[in-house]
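Please open the model in your viewer and keep the selection panel at hand. The tour below says what to select at each stop and what is to be found there.

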Amino acid sequence: MSETNEMNGAAPLRLTLYVAGQTPKSVAAIRNLERICGEHLGPGRYLIDVIDLRQSPHLAREHNIVAIPTLVRQLPVPIQKIIGDLSDTQKVLVSLQIDTSR
Amino acid sequence: MAAGVQKVPTGIEGFDDLTLGGLPRGRPTLVCGSAGCGKTLFASTFLAKGARDHGENGVFVSFEERPDDIVDNVASLGFGFDELIADGRIFIEHITINPAELAEVGDYDLEALFMRLELAVEAVGAKRIVLDTIESLFSAFTNVAVLRAEIRRLFDWLKERGLTAVITGERGEGALTRQGLEEYVSDCVVLLDHRVENQVSTRRLRIVKYRGTAHGTNEYPFLIAADGFSVLPVSALGLGHMVHEGRISSGIPDLDDMLTGGGFHRGSSILLSGVAGSGKSSIAASFLAAACAAGERALYFSFEESGAQTVRNMRSIGLDLGRYVENGQLSMHASRPTFYSLEMHLAIMLRDVARMQPSLVVLDPISAFLDAGDHRDVQAMLLRVIDYLKSHGITGLFTHLSHEHGSVQTDAGLSSLMDAWVLLLNREANGEFNRELYLLKARGISHSNQVREFVMTDHGISLIRPYLGEQGALTGSARRAEEARLRREQAQRRLDAEVVEQRLEQRRRRTLAQIDALRAELEAEELEFRSVAEGRRRFDAQAQSDRLAMAKSRRAQAADVGDE
């Protein structure tokens with residue numbers, strides 16, 4: 001399924017990044033995510049939402065977030081979560097199942 | 001008690017007594033134990049009672065069970081958890097982490113968890129919080145260094161907020177908790193245990209530490225029953241028994257009379273021992289009826305027969321216990337000794353006593369426990385019961401089934417615990433058994449030394465006057481035979497006296513008759529004498545007159561002569 005999507009590029013990655021204010025870890029995570037997506041995915045192949053829980057803390061409960069920063073891959077299913085500042089590019093790519101050979 | 005430690009009542013029956021007030025206010029308490037030992041229930045009770053009875057709202061942070069399950073689990077206990085939630089007094093925060101969908105890349109913290117807790121606490125203005133169980137985090141996250149730092153921060157956060165917290169933890173190998181949570185909680189640690197011995201399971205609670213305050217250090221059995229979690233501090237914390245001067249009636253006036261002053265000391269422990277069928281339960285029932293008739297409350301623990309059966313059986317000796325059961329003065333609890341462990345029995349008994357506050361408690365029979373447990377354990381248990389009853393001024397009546405007739409030795413261990421001991425004998429003599437009763441001891445009361453026979457009739461129990469025959473005290477038909485013999489003797493003596501009296505009467509009558517005869521004879525003789533005398537007198541008179549007549553005639557002749 002996901003293979004087909006990636007081949008024809010029909011379904012973009014939908015990513016949500018939960019951060020809490022401008023902490024070093026949050027800032028690092030945002031920067032790392034943008035870099036990884038920019039380098040390994042073409043434009044339009046991904047969609048990033050950054051949610052600052054400091055602004056809307058109730059979302060932590062609604063979206064069941066515990067750790068900060070948390071990256072959630074909403075699409076394609078199944079939902080996948082990565083916690084941490086995303087400093088290891090390879091691990092992020094594996095976890096998001098992004099085929100880097102292309 | 002240290003001035004610095006303020007306490008928050010948990011509302012868990014018994015626990016607050018044990019800790020002299022409850023859990024440390026504004027501090028975390030670790031409640032640990034193996035699976036299924038009641039940690040979550042302890043925590044739920046703490047929250048529910050806090051919100052309902054102490055005006056302290058709470059947050060339940062569940063890392064395992066879903067909120068619906070938590071509500072369902074305690075629904076039967078009548079806490080009204082769902083209502084408290086609806087009223088905004090309890091808030092359930094469910095935190096789930098599925099490790100399968102989680103990857104860790106780089107540095108992170110649990111800031112979102114703190115935010116959620118913050119929101120939850122603010123939502124209800126919580127003063128209490130439960131974390132059940134925070135150890136789940138260890139299976140979700142692999143970076144232990146981060147986790148430990150965050151947990152430490154969490155405990156600091158709880159203290160900063162002044163939240164009284166209950167943190168549950170799973171019992172680990174050789175440590176209180178698997179993840180060493182005890183190192184973060186330095187104020188109060190409670191250990192719950194669930195053990196099976198001789199196929200009987202017992203739950204026990206121990207306060208491992210409680211900084212800055214006195215507390216009971218023993219293991220205390222606790223019970224999860226229909227009405228929730230109750231712990232019982234079963235050993236008295238002191239020996240400061242109150243001494244009661246009043247007396248309590250046995251319901252058998254004759255027995256009361258055997259004790260100088262009438263009846264047993266209130267608050268004393270009374271042992272009723274005897275072989276099977278010697279009337280232990282009946283006398284116990286008589287005590288119960290007497291206490292109820294005096295307007296007091298009584299509690300009856302039966303380990304052999306059901307309450308309904310006791311009520312029925314006692315009707316046959318004219319004791320209507322059913323009436324008192326209905327109006328609530330008498331409470332009957334029947335359970336097999338093997339149903340619970342000794343400590344659990346003890347815990348339940350003490351709990352019921354504490355709830356009902358009776359003036360008389362009957363355990364019938366305590367010997368049933370000897371089959372369920374070790375002799376020494378039974379004695380220790382009874383000691384606790386007696387201590388508890390005494391310290392509350394409650395009279396305790398214990399029946400004991402002895403297997404040997406009039407056996408005193410087997411009960412030696414119990415004897416020292418008892419203030420009074422009524423020995424029931426069922427003695428065989430002349431081919432029949434008769435019930436006898438003897439006051440072996442009664443501390444502080446001078447008492448009769450007689451062995452008394454007692455009979456059970458449909459009017460109740462009564463003692464028969466001591467009957468001393470030629471070979472000692474007589475009972476039963478021997479007594480009746482002796483009485484009959486005496487009656488016969490008396491009759492005989494009466495008969496003899498009558499014969500003597502009749503004989504005397506006859507003699508008197510005979511004598512009187514003789515007197516009459518003699519008197520008659522005398523009268524006859526007097527009559528004869530009088531007639532003779534009359535004859536004589538008449539003869540004399542006639543003679544005189546004759547002489548005079550003669551003289552007259554002679555004078556006439558002489559005068560003629562003379563005159564001439």
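What follows is a walk through a predicted model, beginning with one chain as a whole and then moving from sheet to sheet.

**Chain A as a whole**

Select chain A and colour it by secondary structure, which comes to 4 helices and 4 strands, arranged along the sequence in the pattern α-β-α-β-α-β-β-α. Of the 102 residues in this chain, 45% are buried, and the accessible surface comes to about 5,400 Å², with 54% of that surface belonging to carbon and sulfur atoms. If you display contacts in chain A between residues at least 6 apart in sequence, 65% of them join residues at least 24 apart.

Now recolour chain A by pLDDT, whose mean is 81, with 86% of the residues reaching 70 or more. Residues 1-8 of chain A deserve a careful look, since pLDDT stays under 50 over this stretch, for which the model has 8 contacts beyond four places in sequence.

**A sheet with strands from chains A and B**

Next, select the strands β2(A), β1(A), β3(A), β4(A) and β6(B), which in this order form an open sheet of 5 strands with mixed pairing. At its edges stand β2 (46-52) of chain A and β6 (102-104) of chain B, each of which has a single partner strand, so one side of each is left without a neighbour in the sheet. From one strand to the next, the twist in this sheet averages 20°.

Staying with chain A, select residues 13-19, which are strand β1, and follow its parallel pairing with β2(A) over 7 bridges. Within that pairing, Arg14(A) has Leu47(A) of β2(A) as its bridge partner. Then add helix α2 (residues 24-40) of chain A, which lies across β1, β2 and β3 (70-75) of the chain and runs at about 165° to β1(A).

**The nine-stranded sheet of chain B**

Move to chain B and select β17, β16, β18, β19, β15, β20, β21, β22 and β23, an open sheet of 9 strands in that order, again with mixed pairing. The edge strands are β17 (330-334) and β23 (460-464) of chain B, each pairing on one side only. Here, the twist from one strand to the next averages 20°.

**Strand β18(B) and its two partners**

Which residues of β18(B) are buried on one side, and which on the other? Select residues 360-364 of chain B, and you will find that 5 of the 5 residues in this strand are buried, with Leu360(B), Val362(B) and Asp364(B) on one side and Val361(B) and Leu363(B) on the other, so that both faces are covered.

To see the neighbours of this strand, add strand β16 (residues 298-302) of chain B, which pairs with β18(B) in the parallel sense over 5 bridges, and then strand β19 (residues 395-401) of chain B, which pairs with β18(B), also in the parallel sense, over 4 bridges. Centre the view on Val361(B): Leu299(B) stands opposite this residue, while in β19(B) the bridge partner of Val361(B) is Gly396(B).

**An antiparallel pair to finish**

Finally, select strand β20 (residues 420-429) and strand β21 (residues 432-442) of chain B, which run antiparallel and are joined by 10 bridges. Within this pair, Leu423(B) stands opposite Tyr438(B) in β21(B).

Notes. Residues numbered from 1 in each chain as written. Chains lettered and ligands numbered in written order. Predicted model: local features only at pLDDT ≥ 70, side-chain atom pairs only at ≥ 80, totals over all residues. Heavy atoms only, no water. Buried < 20%, exposed > 50% of the residue type's maximum accessible area, 1.4 Å probe, protein only. Helix = DSSP H or I, 4+ residues; strand = E, 2+ residues; numbered from the N terminus. Pairing = 2+ DSSP bridges. Axes fitted to C-alpha atoms, helices over the stretch in contact; angles between N-to-C directions. Contact = heavy atoms within 4.5 Å. Areas by Shrake-Rupley, 256 points an atom, 1.4 Å probe, with all protein chains shown as cover. pLDDT = per-residue confidence, 0-100.
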